Amino acid sequence: MLNKRSIIGISCLVRFLLFTLIITLQYNSATSQKLIIDTSAYHTWSFIDAPQFPLSSTGNYITYRLTKDDGRSRTNYIASTNDQWMYQINDGSIQFITHNSTEYALIRSNDSTYLLNLSTKEKKNIPLCQKIDFNGSILQYRKTENATCIAYTDTAFILHILYLSSLKSITVGKVIDFRFSEDGKMLLVISPEKENELTTNQIDVYNVNRYEKLSQLKLDEKVSQLNPISKIANNYYLMANSQNGIQTNNILYKIHPGSNLIANIFSSKLLDSLMPGSKMEDYFFNVTSDDRKILFYLSPNQTTNTYERETNISLSILSYRDSHIYADKQKVINYTRLSTYDLQTHRIEILEDDTTSVLANKNGDWIVLGSHHNIRDVNHTRYYDERDIKRFGYNLITGKKIPIQISNNKDYDLYGLRDELSPNSTKYIVFSYDDNTYYIHDLPSGKVIDLKCPSDLNKAEMESNHSFIHRVAGWSKDNDTVYLYARRDIWMASTQGKFPGKNITNGLGNKSNVKFDFLTESNIIDPRKDTILLALNINTKENGFYKLQSNTDPLLLTMQPKLFFADRASAPLAVRGSRSQVRPQKASESNLYAVSSESASESLNYYITRDFVHFKQITFNYPERKYNWLTSHLYEWNFDSQKKMQGVLYLPENFDSAKKYPVIVYCYEQMSDGLNGYIPPTDLLSGCAMNIPSYVSNGYIVLCPDLYLPKGNTFVGAASSIKSSVEKLRTMTYIDSMKIGIQGCSFGGLITDFVITQTNLFRAACAASGVANLISVSNDFDGRNVSNISMYENGQVRMGILWQNQQGYLNNTAILHADKVTTPLLIMHTTGDKSCPLYDAMQYYNALKYNEKKVWLLQYHGSHGVDGADATDFSNRMKDYFDYFLKDKGNPKWITTQD
């Protein structure tokens, strides 16, 4: 017989089992009641974003925006980081301003502009505001410093200055334009001499700390617009625009502080008199330290055809003697060229031409030039062969040239190795593959210094994962120390050779397979302050933070199965899909940080933290919770006996292991780093890629495998890695092994075109904006009339030189194997695609049709991919296509009937 204790135990067990059953049934019921994602969800989806600097200076307040309904609804918020106070406006913008210890929010909504005192919550209206700025903002970054006043014009173009100390304003008068100097100490105003006049030759200069006119500057020409005012050394420089009909004269003025002196030192008009047909661009200029030479971009006033023309004959002659290669000289793009103007000799020196280009310019006295037999092609194509460029440092003052040697290894560009000029422009760092180390070229002295800082470059690893970018992380303020990202770790080295390179992460990155990056995005590193590191675990894909420590391993702060911010990561679809990934930002006057966090199953939201261990959530946006969403899982398989590879497997939230699911493989480079990235639902990603959440919500499983992409055998390697990943997938009981499809966009389209020539594993395939004929397209020209060769040799296609790898090109070119295809293929292409031309898609379609293969071609207007209504149409047709072949669902006439 059972004793009392046994009866009680059985009773508790029964209650627990009943409770578990009820909870399970409730969960299954809740899951089954969730909505399936369809096109209506795309237009109502909400997401959070924030400005680049979301925190007030003290960190007591944060601003962010909630956007939904395809951007038609935008709500801006200010939230206290200390209590529950919150303020919101519909649409508009919010900018934090600090005056002494008082914090304001400058708020612009659809119908009003006002200052909100964040302590007292009092408003100060700024009536009829049109243009507004304040002298505490750095326009380039919109980062708030201590401000003293706000300048704004009303609807009658009357300029007012509002002083933050008293919140009282004064009226200056009617103006054409106004601008604060870069350091915020001066306000320059141009006012009309007559009513309704839009130009003037007079500039008034005001001291903004107190309302005082410092001077009135007389110009030698009437101007209509002021560009940003730069302070270089002890002088101010102003770029202004004078309009004469359709011609714009950009004028550079030098302003002498404390005087009424202003000098027109250079202009487009002067340039045209020295070099007819040329003009000065207004977006960049600099002055050498001796105040003698102006650095500027020169461009032609109008495009001049360089082809020969006779009566009734249109002729373009291309010659092997040409220093450039263009498909059509009638469409040659006239590039801007960096040049100098000598204020004493009035001599113009053009630093760039068809054989020479500026590779590095940090606004100092030294630049780095590159010389190449065909520099215009390589420098204005996305990819180029670094080996063929002869580098040299060039002193803008003296004209002195210093040769710079770099690695001559063929795989230089493939491994992401980057050279860089120091912020003070005197040191140039290069990587030598032959020695597996970095060198500094000290340009003034001509010395070459071995940093004794090995890169730990691993060729096999780089071929399987391109996310290990080797580059400069930053420099000390005096430029005597350089910090380097080398594989997973961070090194520091003396640019003077005073000490050998030191691994400041103590080798923990390589030992633990954790990739470290500085949290700061500044290129000036302060070792006393910049101690927080971003970290990404290559094995688990956990993301988080460490803290640098002297002479020991970095201290772990937090690592989570989330995405905070992944620097130096490959560009996986999931990371690109996240609309608002923002680097953690620090409040300027406190140790508080704003941090965004997301996962594959939870939308991006904002948090605050002081120690990167404890996080306080600020926003709560979870639009996916009412839908049958997805879960992401790290997928691993053995590519061969020596190589293990990874990918991401997306399962429906209501996944049932007892069911059989159709699968779509999405292919593009390396995807596993995006394991924890959030992908919002939309018609397409990148204009031609399937939207993973939509397919998963509708009962598909999606696999995104990392690809093996060996140089010279790129697509055979990719096909092998895809096939091996799918073979493992087919062994899983919940996979319908006869219902597997594949989709690729752009480079993924190239892969998809080729993979189906190598296997019969797939029931259906869709290749969008791809290329099937490597040999033809690699020798074509892009939309700028520039040769594709370098991109196919050493860029993303990485196939090497055609005439040295003929068999490789034959083996990897899809159209040459079209007769082997057994998989139905849907091709999507656009008429204006210059990267992957339409004729190539037509050729592949023709080849498949000739070989009696099942193939459809959807042709849209557009460039590389589609948007708008075309994106919706293609998204719907691609879904119908996969449903038809992988779910035996529907009977789309465009698939099943002839024209």
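**Guided tour, beginning at Asp 888**

Select Asp 888, an exposed residue with a relative accessible area of 53% (exposed is over 50%, buried under 20% and partly exposed in between, for a 1.4 Å probe and protein chains only). The model is predicted, so to speak of local features a pLDDT of at least 70 is needed, and side-chain atom pairs count only at pLDDT 80 or more, whereas totals for chains, interfaces and linings use all residues. Residues are numbered from 1 along each chain as its sequence is written, and side-chain values use heavy atoms, with hydrogens and water left out.

**Salt bridges**

Add Lys 739 to the selection: its side chain meets that of Asp 888 in a salt bridge, at 2.8 Å from N to O (a side-chain nitrogen of Lys or Arg within 4 Å of a carboxyl oxygen of Asp or Glu). Lys 739 belongs to strand 53 (residues 735–745), while Asp 888 is in the loop between helix 15 and helix 16 (893–896), and the two are 149 residues apart. Helices (H or I, at least four residues) and strands (E, at least two) are DSSP runs numbered from the N terminus. Unlike exposed Asp 888, Lys 739 is buried, at 12% relative accessibility.

In general, side chains of opposite charge can pair when their charged atoms come close. How many salt bridges does the count come to? The count comes to 17.

For another, select Glu 653 and Lys 34, whose closest N and O atoms are 2.6 Å apart in a salt bridge. Glu 653 is in the loop between strand 50 (644–652) and strand 51 (661–667), and Lys 34 is in the loop between helix 1 (4–32) and helix 2 (39–44), so this pair ties together parts 619 residues apart in sequence. Glu 653 is partly exposed, with a relative accessible area of 21%; Lys 34 is partly exposed too, at 21%.

Go next to Lys 131 and Asp 177, where a salt bridge of 2.7 Å, N to O, joins the side chains. Here the link runs between strand 9 (residues 129–134), which holds Lys 131, and strand 15 (residues 177–180), which holds Asp 177, 46 residues apart. Lys 131 is partly exposed at 32%, whereas Asp 177 is buried at 9%.

**Aromatic pairs**

Turn now to the rings. The whole structure has 34 aromatic pairs. To see one, select Tyr 61 and Trp 85: their ring centres are 5.8 Å apart and their planes lie at 85 degrees, so the pair is edge-to-face. Rings of Phe, Tyr and Trp (its six-membered ring) pair when their centres lie within 6.5 Å; planes under 30 degrees apart are stacked, over 60 edge-to-face and the rest tilted. Tyr 61 is part of strand 2 (residues 61–68), and Trp 85 is in the loop between strand 3 (73–80) and strand 4 (86–90), so the pair connects parts 24 residues apart in sequence. Of these partners, Tyr 61 is buried at 10% and Trp 85 partly exposed at 23%.

Next, show Tyr 860 and Phe 874, another edge-to-face pair, with 6.3 Å from centre to centre and 65 degrees between the planes. Tyr 860 is in strand 56 (residues 855–860) and Phe 874 in helix 15 (residues 868–886), so the pair ties together parts 14 residues apart in sequence. Both residues are buried.

For a ring cluster, select Tyr 695, Tyr 700, Trp 856, Tyr 881, Phe 882, Tyr 884 and Phe 885, which ring pairs link together.

**Nonpolar cores**

In soluble globular proteins, nonpolar side chains tend to be buried together. The largest nonpolar core (buried Ala, Val, Leu, Ile, Met, Phe, Trp, Tyr and Cys joined through side-chain atoms within 4.5 Å) has 104 residues, and Ile 722, Tyr 844, Phe 874 and Phe 882 touch the most other members. Which helix gives the most to this core? Helix 15 does, with 7 residues.

Return to Phe 874: leaving aside neighbours within four places in sequence, its contacts include Leu 684, Cys 766, Met 828, Leu 858 and Tyr 860 (heavy atoms within 4.5 Å). Then move to a second, separate core of 17 residues; among them are Val 205, Leu 217, Tyr 253 and Ile 255.

**Last stop: Ser 422**

Finally, select Ser 422, in the loop between strand 33 (420–421) and strand 34 (427–432). Is Ser 422 buried or exposed? Ser 422 is buried, with a relative accessible area of 0%. Neighbours within four places in sequence aside, Ser 422 is in contact with several residues, including Lys 362, Trp 475 and Asn 479.
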